[in-house]
Amino acid sequence: RHQPRSRGLGDVYKRQDGLTLNRCVLPGFRSKDRDRRTAIIRYNSISGWMAGDCRMACLASTDSTDLTNGQTDPSRETHYANSLTVTGTVTKTAVATGAELMGYSGWSSSNYLSKSYDGDFSFGETQFTVMFWAKDPSDDATYITSRGDADGTETWRIALDRNRGVYFDYGNGSQYAQTSNTLRNEWAFYVCTVHAGERGHVYVNGNEQSYQTRNYAPDTLMNDTDWTLTVGRQAHTTSSPYVGSIALFRVSADVPSQEIIRKIYDDEKQLFLPTAKCTLTGTQ
């Protein structure tokens, strides 16, 4: 049972096995406040900030045990509970020396995470946000995540390319954004947002990127009832799996403001420092 510990623009709830933090911009924790955010800290995980109507918050463990075929990586978002299932083996390694948070790696055509069709990721005429931390992008485009069955039919597909930047596809073959900024090797915070019928936005470490291409999304964001969501490789092909590490992967049905994206980055970057602790332990 959640027990409120404080009230106002920031609420803290004590759980039997952890702590829930709530932050909002509008008075009260209102569902129409797209900038509201929640974080759940437990003895073995930390969700990171879950912005707005969050539908998934995975890759958030502090347990260093690798994941093997058929196991699940649970969502730390507790309402929708959209967990990911392992195909093959996914490796977990601390994000920095002595840090508690794990980065997930070892991606390949046969080692990845996925979730079969779920209507929670059918956003229709609204909007969505995909955010995650990643490091060690390749000199060529390799794919962090996708949802769909082909290049021309997908809700999203996101790749990182050290030389060219972030590729964010949100529709058919021409409905995408390609940034023009080079990427660094160290851990960085990536956010991709789009409203139906509008241009997509890409942020790295809280800063919106410049674009080589930035086209309009479809008026109705694409969906079909057999589409799979994948992390670590593309959903519709085995080519170009991601080569580096990923952590704190989240999907939301809201689009937070750039101010909130920057605040999330400023808070979460502390988790990627050497010896950073991020769990609650003890008997009190």
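At 32% relative accessibility, Asp136 counts as partly exposed. In this predicted model, Asp136 is found in the loop that runs between β13 and β14, and its phi angle is near 55 degrees, a positive value in a residue other than glycine. The side chain of Asp136 meets that of Lys135 in a salt bridge, with an N to O distance of 3.9 Å. Lys135 is likewise assigned to the partly exposed class, its relative accessible area being 23%. A positive phi near 55 degrees, again in a residue other than glycine, is also present at Asn205, which is located in the loop between β19 and β20 (207-208).

The confidence of the prediction frames what follows. The protein chain has a mean pLDDT of 92, and 92% of its residues reach 70 or more. Over residues 1-9, however, pLDDT stays under 50, although the model has 22 contacts beyond four places in sequence for this stretch. Where pLDDT is low, the predicted coordinates should not be read in detail.

An open sheet is formed by 9 strands, which follow one another in the order β8-β9-β12-β22-β14-β15-β16-β17-β21 with antiparallel pairing. The edges of this sheet are occupied by β8 (72-73) and β21 (211-214), each of which has a single partner strand, so that one side of each is left without a neighbour in the sheet. Within the sheet, strand β14 (residues 142-150) is joined to strand β15 (residues 153-161) by 7 bridges, the two strands running antiparallel. Ser146 has Arg157 of β15 as its bridge partner. Arg157 also takes part in a network of salt bridges, in which it is linked with Asp151, Glu154 and Asp169.

The edge strand β21 leads into a loop, between β21 and β22 (228-231), that contains Asp224. Asp224 is partly exposed, with a relative accessible area of 36%. When its neighbours within four places in sequence are left aside, Asp224 is in contact with Tyr117 and Arg147. The C-alpha atom of Asp224 is separated by 8.8 Å from that of Asp149, a residue 75 positions away along the chain.

A further set of pairings involves strand β23 (245-252). Of the 8 residues of β23, 8 are buried, and the strand is therefore largely enclosed by the rest of the structure. Strand β6 (residues 54-58) pairs with β23 in the antiparallel sense over 4 bridges, and Phe249 in β23 is the bridge partner of Cys58. Strand β13 pairs with β23 as well, in the antiparallel sense and over 6 bridges, with Val251 in β23 serving as the bridge partner of Val130.

Helix α1 (residues 258-268) has Ile260, Ile261, Ile264, Tyr265 and Glu268 as buried residues. Seen down the axis of α1, these buried residues fall within an arc of 145 degrees, and they therefore line one face of the helix. The elements against which the buried residues of α1 pack are β4 (37-42), β5 (50-51), β13 (127-135), β18 (188-195), β19 (201-204) and β23. The enclosed strand β23 is thus paired with β6 and with β13, and is also among the elements that pack against the buried residues of α1.

A contact of opposite charges is likewise present between the helix and this strand. Glu268 forms a salt bridge with Arg250, in which the closest N and O atoms are 2.6 Å apart. Because Glu268 lies in helix α1 and Arg250 in strand β23, the pair ties together parts that are 18 residues apart in sequence. Both Glu268 and Arg250 are buried. Side chains of opposite charge can pair when their charged atoms come close. Across the model, the count comes to 14 salt bridges. Another of these joins the side chains of Asp118 and Lys115, at 3.9 Å from N to O, and both Asp118 and Lys115 are buried. The pair formed by Lys135 and Asp136 has an N to O distance of 3.9 Å, but in that case Lys135 is partly exposed, as is Asp136.

Notes: Residues numbered from 1 in each chain as written. Predicted model: local features only at pLDDT ≥ 70, side-chain atom pairs only at ≥ 80, totals over all residues. Heavy atoms only, no water. Pairing = 2+ DSSP bridges. Buried < 20%, exposed > 50% of the residue type's maximum accessible area, 1.4 Å probe, protein only. Arc of directions from axis to C-beta. Contact = heavy atoms within 4.5 Å. Salt bridge = Lys/Arg side-chain N within 4 Å of Asp/Glu carboxyl O. pLDDT = per-residue confidence, 0-100.
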